[in-house]
Structures are given as structure tokens and as C-alpha cells.
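Thanks for coming. I will take a few minutes on one structure, so please have a look at the sequence and the model first.

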Amino acid sequence: MKEETILAEARQITKTFPGVKALDEVNLRIYAGKVNAIMGENGAGKSTLMNILSGVYPDYEGQILIDGKEQHFNDTTAARQKGISMIHQELHLIPYLNIAENIFMGNEPKTAFGLIDHRRMHQEAKKLLERLHTDIDTHTLVNDLRVGQQQLVEIAKALSTHARILIMDEPTSSLSAQETTILFQLIRELCQQDVGIVYITHKMDELKELADYVTVMRDGKTIDELPVKGLDTDHIIKLMVGRTKEELYVKDYQPDKEHHAAALQVNHLYLHDREHPGKYILQDICLEARQGEVLGIYGLMGAGRTELFETIFGMHHKDTEYIGEDAGCLIHGKKTVIRNTADAIAAHIAYLPEDRKRDGLVLEMDIRHNTTLTALRQFVHLGTLSRQREEKITDDYRRQLSIRSHSNRQLVNELSGGNQQKVVLAKWLLTAPGIILLDEPTRGIDILAKSEIYRIIDQLAQEGHTILVVSSELPEIMAVSDRIVTICQGKIIKSFTRDNFSEEEILKAALPQE
């Protein structure tokens, strides 16, 4: 068997942040022309290690070797010069620059006079996007793109550097099935060119389809490096989290929920498409969610899932219309007009958005301030904010939701994705919601953290909350839901009860029929 060529190697890497050792003598090898997967819980140290390899964190102990020679990168530019590029899970794009400007930032093509060659820049950006089979106008501002489209821009940005080592941190977390297929084909093409791919994922199907090797990390340490061929899924999970897949979440279904009263009814809802007058983003939406029920909303990217939640939450009131005699929104049987998000909160509706970092958290604030942000009036007495009461409530939620942190004062941008999502949930639970809208609640979260989120969802439902969940992962939506409705091209297509869940039938009902 041919010996693999090692492009890069991390030896005995240790990285310490204030109060926590993120990496403890970690080792990693990156092979030419191979996909080197990295798996582990959120907080295992995967992203920290990648940030060291790509020059984000210059301060660490240990050695980085490229082609057998020790290197030390003081910044990302130095890493790029040695052929290392990284696609971050949490997107590093400038929202008010266009696509081409983001792709070539710091690496802009120049004219003979040393000025930025905008024409060539857009031409090159267009070619990169064509490799990803997308025809988005390169003059479009990144702020106007959906999360999945922004992820494609991140990938194009990395491709523009012609890297020898390409690090991908959860690259498919926001991509549709079709976009994922295209990305996988691109990765295979890069491997044929002897590019070494480092691929961080939490998805077992991706690991088996794509990876040649997997390095498992846990608690900031390297547990093992294994060839993927013939590897048992249960063994990987055991290495990652110290338990088997049978010990992870299984829903305790309660069929009597079918007889509970309706908590939310949406009748004949239309959302006008402002960019295309006379057309609708959502059309004749009718759905009902019962008290204590978990209602899954499944559809492909662009089907109108997020827009449905945003509309219920009052974010598109000017473009919202209810048409028909019995049309309207009813909360516990009472017709309710929701003109804005304040009205939605007053109606005891909570919304956890898809992009928790952009829309759900204030990253530079600590856990306490993020937790109490939606309900500050609860902590004011005689015009003074009670820090002591804030601390107590935040402590209660940290225990209740098992938020892993060293204190309430830890900044949320230092937390893993699963713990950040729990902070967003704590923030909304403080508003005493009866109806909770969860948009992709486990995006970019590891297997164990997903299992914890699922249990929290189930517990909230058992306590009488009504939960609506959007997820791009069909196995996930089937695992957590009591009932599922599919949405396609802005219309509700079909409803499924738990006793007739079928992956094939649900997917079929979510696909465009024309």
C-alpha cells in the first residue's frame, strides 16, 4: 500500500484561555489528496486547533510543521502564504460589501496602475461561484443573502487562494442537499489535485461518504486517528462522548397530545413578495399547533420556513395579509393581531432564530446580560437594576439547561455552539412563552449537545409549552416531533402524524411538483 504524504502536522499543541485549557497536547496529521475529518463534541477543541493552524491564534505551545519544516503563523496572511485557508462555520464576511469584494478582500486583482481591477474581480468571482453551481450576482451585498448563500461565498473565498490545505468547519450546516452534493464533488476534485482537506463535521453520513481518515477529539485532547473505511458508527460516538448511540435521545411519545386544545392557529396567511409585486412568499398558510405538542415544519431551503416563523413573530407585518372569512391568527382561541415583535412577545411567543450569533445573541456581552436582555423590567426595583437578582436567575437557568461555563460572566462568544443555543433559550424562557418557535435549533451542534437540546424541547412540551421546530435534517425533525407539516414554495403541502412518519413520504411532500 502506498505511503501517505503528510502535508502538515500539529504536534503536542496546547492552548490556554483565561480560566480554561482549550487544547492539551493535541496531535493531528493532514495528508495530501485525502479528506481528514475531525469529530468531537462542541467544546472539544476542534475549532481552536483549526484557528491555530490558520494563523488566527498565534500564541500556543507545541509545533506546526508544513512539509516537515516547523512554521509559526502570526496571522492568517502568513498561513495563507504557506497554502492554508479556512472556511469558518461562523461566517467571517463583511455584510455591507458585495460578494466579489468579500471573496477577494486583501487579495484584490490590480490594474497596471496599482488600482483595484473591479471588472476582473467580478469576473473571477463569477467563475468561482460557477464552480459551486450558483449564479448569484456578484454585485449583491452579503447582507442581502440567506445563510446558505453566505456559506457558498465563504467557500468561494477559500477557493480563491488556491490553497494546498483547505480547512472546512461544518461547511454543510447551512447548505441544501443539492448544494452539499456539489460541494462534495468539488472536494473530490481538490483531492485529485493533492489538496489536503481538513473537514470538521458532526454528521456520520458525511464522514462515511467523504472522509479517508478521522481524528476524534474530546475535552481538548486527541483520542485517536482512524481510517474511516470499515469504521463502526457506534465506536466513533463512544470515542467522542463516552457513550453509545443507544444512550442518546429517544422521544417519549404521548399520543394523548392529539386531544389537547389548539394553542396557535394560523388561518389563510399570505406574505407578499416585496421584490416581486403580485407574488407571494407565503400563500394561504393554514396550520394548527396544540398545547404541549412539538410540531415539525419540514421543507427545503427557500421553501418559506424561516419567513413563516418571522411572520408569526410580527417581523413582516406590512407585507402580511390574512384573506378570508375565518382568516387570522388565534392564540388559545382568541384572535390576535401581531403588528411587531413586541406584540408577539406580549402574546407569549418566543422565536429562536436560525443564525444565533447574528440574530440571537450579543456576542461581546456575558451570559448574564444575554440571559436577562428580553426581560430587564423584571430586575428593576425603584429605578435600579438588581444585579443580585440577575445573577440568581442566570444561575438557575445555567443549572436547569446545563449551560457549561466557568461563570455567569463568561462572554457568550467563548461558549460552544450548543451552550450558546441554551443561552438564547434561557433568554426567551424568561419571557414565560407559551409558544416557542425554533428555527434550526441544532445547526452546527455536536451529537451530545443535540441530544441535550432534544431533551429540553421534549421537557418544555411536557410542561405545556407549544413548540414549532424548523429543521433541514429529516431524521432530526422525525425524532423530535409529534406531528410534521411540509412546506414547499410557500405553501403547506401535507401533514403527518407520528404513526405514519416516513422519511421517503415526507421528503416527497417537500419537493416541488412542477
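I will go through some aromatic contacts, then one helix, then a set of strands. Keep in mind that this is a predicted model.

Let me start with the rings. The count of aromatic pairs is six. The one I want to show is F309 with Y351. Their ring centres are 6.2 Å apart and the planes meet at 85 degrees; anything over 60 counts as edge-to-face, so this pair is edge-to-face. Where in the chain do F309 and Y351 sit? F309 belongs to helix α9, residues 305–312, while Y351 belongs to strand β17, residues 349–352. The two are 42 residues apart, and the pair links distant parts of the chain.

Are these two residues buried or exposed? F309 has a relative accessible area of 0%, and Y351 has 6%. The cut-off for buried is under 20%, so F309 is buried, and so is Y351. The pair is also part of a wider group: ring pairs link F309, F313, Y351 and W428 into a cluster.

One other ring contact, elsewhere, is a charge over a ring. K15 lies over the face of Y57, 5.3 Å from the ring centre.

Now back to helix α9. How many of the residues of α9 are buried? Eight of the eight are, so the helix is largely enclosed by the rest of the structure. Charged residues are on that buried list too, among them R305, E307 and E310. Just after α9 comes G314, with a positive phi of about 85 degrees.

Next, the strands, beginning with β15, residues 328–331. In a regular strand, side chains alternate between the two faces of the sheet. In β15 both faces are covered. On one side G328 and L330 are buried, and on the other C329 and I331 are buried.

What does β15 pair with? Strand β11, residues 262–272, runs antiparallel to β15 and is joined to it by four bridges. Within that pairing, L264 stands opposite I331. Strand β16, residues 334–335, also pairs with β15 in the antiparallel sense, over two bridges. There, K335 is the bridge partner of L330.

β15 and β16 form a hairpin with two residues between them. In the turn, H332 has a positive phi of about 50 degrees.

To recap: F309 sits in α9 and pairs with Y351 in β17, and β15 pairs with β11 and with β16. That is what I have; questions are welcome.

Terms used:
Residues numbered from 1 in each chain as written. Predicted model: local features only at pLDDT ≥ 70, side-chain atom pairs only at ≥ 80, totals over all residues. Heavy atoms only, no water. Phe/Tyr/Trp six-rings, centres within 6.5 Å; stacked < 30°, edge-to-face > 60°. Buried < 20%, exposed > 50% of the residue type's maximum accessible area, 1.4 Å probe, protein only. Lys NZ or Arg CZ within 6 Å of the ring centre and 35° of its normal. Pairing = 2+ DSSP bridges.
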